[in-house]
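Biologist: I'd like a close look at the largest pocket of this model, please. After that, tell me about the fold around it and how far to trust the prediction.

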Amino acid sequence: MARQEQVLVLDPQQELKFRGPFTDVVTATLKLTNPTDRNVCFKVKTTAPRRYCVRPNSGIIEAGTSINVSVMLQPFEYDPNEKSKHKFMVQSILAPRDMTDMEGVWKDAKPEELMDSKLRCTFEMPLENDKTHESESIKPVSSSTSVKTEHSALPKSSSASLDDGEVKKIMEECRQLQREVQRLREENKQIREDDSVRKRKITPVAVSHSDTADRMAMTKDEGLSTRILALCLLFFVIGAIIGKLVL
């Protein structure tokens, strides 16, 4: 026996679109409408249960009412070359008039009593033009707002010019400091060169003074030794004369 046709009206009917970026949870809404005069039990199933969170994933839709089902896609790394194979199925069954346990209804349901509809999933990234239109449509600008914006832009431009003037002043001070540092370096270099010249002049004089002092010391030593030798000879001569007199 063939299955019954789906009594619920799905919106969208065939495709759930998820629009990136997919760095956060992306939600698509599925609207289920019950146009009949009977309550309908429903379930939402997917081929990728770990990738989606569905709220509510089951329940009862009263006659002549509708319900919104939120299908939340979990974050993932999007690859535009990879086609989505994820699918959803909305399964439904007419609720018995004396129903007390919905789980029991699904458990005791006959295959020919079940109705289902399938939807495929598609992923798409927003285009640059769409981003621009969205950003422009977020904050509509009125005439009063534009006037305020123009007035508020004036002090910003003046402050920007002041900042440029301060920057130029700081740059000029930096150049002056660089020139001063260069001048001090040159003076320091000149002082070092003058100092090295003085040392070269002083060194020979110091050497000559030291040589003269050594020569004088040697002369003094030689004179002293001569005197001692002369005294020794004198004492020897005196001793010899005294010895002859005694004899």
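Modeller: Gladly! A pocket here is an open set of points on a 1 Å grid over the protein atoms alone, where a 1.4 Å probe fits and protein lies on both sides within 12 Å along at least five of seven lines. This is a predicted model, in which local features need pLDDT of at least 70, side-chain atom pairs count only at pLDDT 80 or more, and totals for chains, interfaces and linings use all residues. Residues are numbered from 1 along each chain as its sequence is written, and side-chain values use heavy atoms, without hydrogens or water.

The largest pocket holds about 160 Å³ of space, the volume filled by probe spheres set on its points, which are joined across faces, edges and corners. Its lining (residues with an atom within 4 Å of a point) is made up of R51, F76, E77, Y78, D79, E82, K83, S84, K85, H86 and F123. By class, six of the lining residues are charged, three are nonpolar and two are polar; Asp, Glu, Lys and Arg count as charged, while Phe and Tyr are among the nonpolar types.

Now for the fold. The protein chain has three helices and nine strands, taken as DSSP runs of H or I with at least four residues and of E with at least two. From the N terminus, the order is β-β-β-β-β-β-β-β-α-β-α-α. Strand 4 (residues 40-46) and strand 6 run antiparallel and are joined by four bridges, where pairing takes at least two DSSP bridges. One of the partnerships is that of V40 with I61 in strand 6.

Strand 6 (residues 58-61) has two contrasting faces: G59 and I61 point to one and are buried, whereas S58 and I60 point to the other and are not. Buried means under 20% relative accessible area with a 1.4 Å probe, protein chains only. Over the whole protein chain of 247 residues, 18% are buried.

Two cis peptide bonds deserve your attention. R55 and P56 are joined by one with omega about -10°, and P56 sits in the loop between strand 5 (52-55) and strand 6. The bond between D11 and P12 is also cis, with omega about 5°; P12 lies in the loop between strand 1 (9-11) and strand 2 (15-19).

As for trust, mean pLDDT (the predictor's confidence per residue, 0 to 100) is 78 for the protein chain, and 65% of its residues reach 70 or more. Residues 141-162 stay under 50 throughout, with one contact beyond four places in sequence, a contact being heavy atoms within 4.5 Å. Where pLDDT is low, predicted coordinates should not be read in detail.

Notes. Buried < 20%, exposed > 50% of the residue type's maximum accessible area, 1.4 Å probe, protein only.
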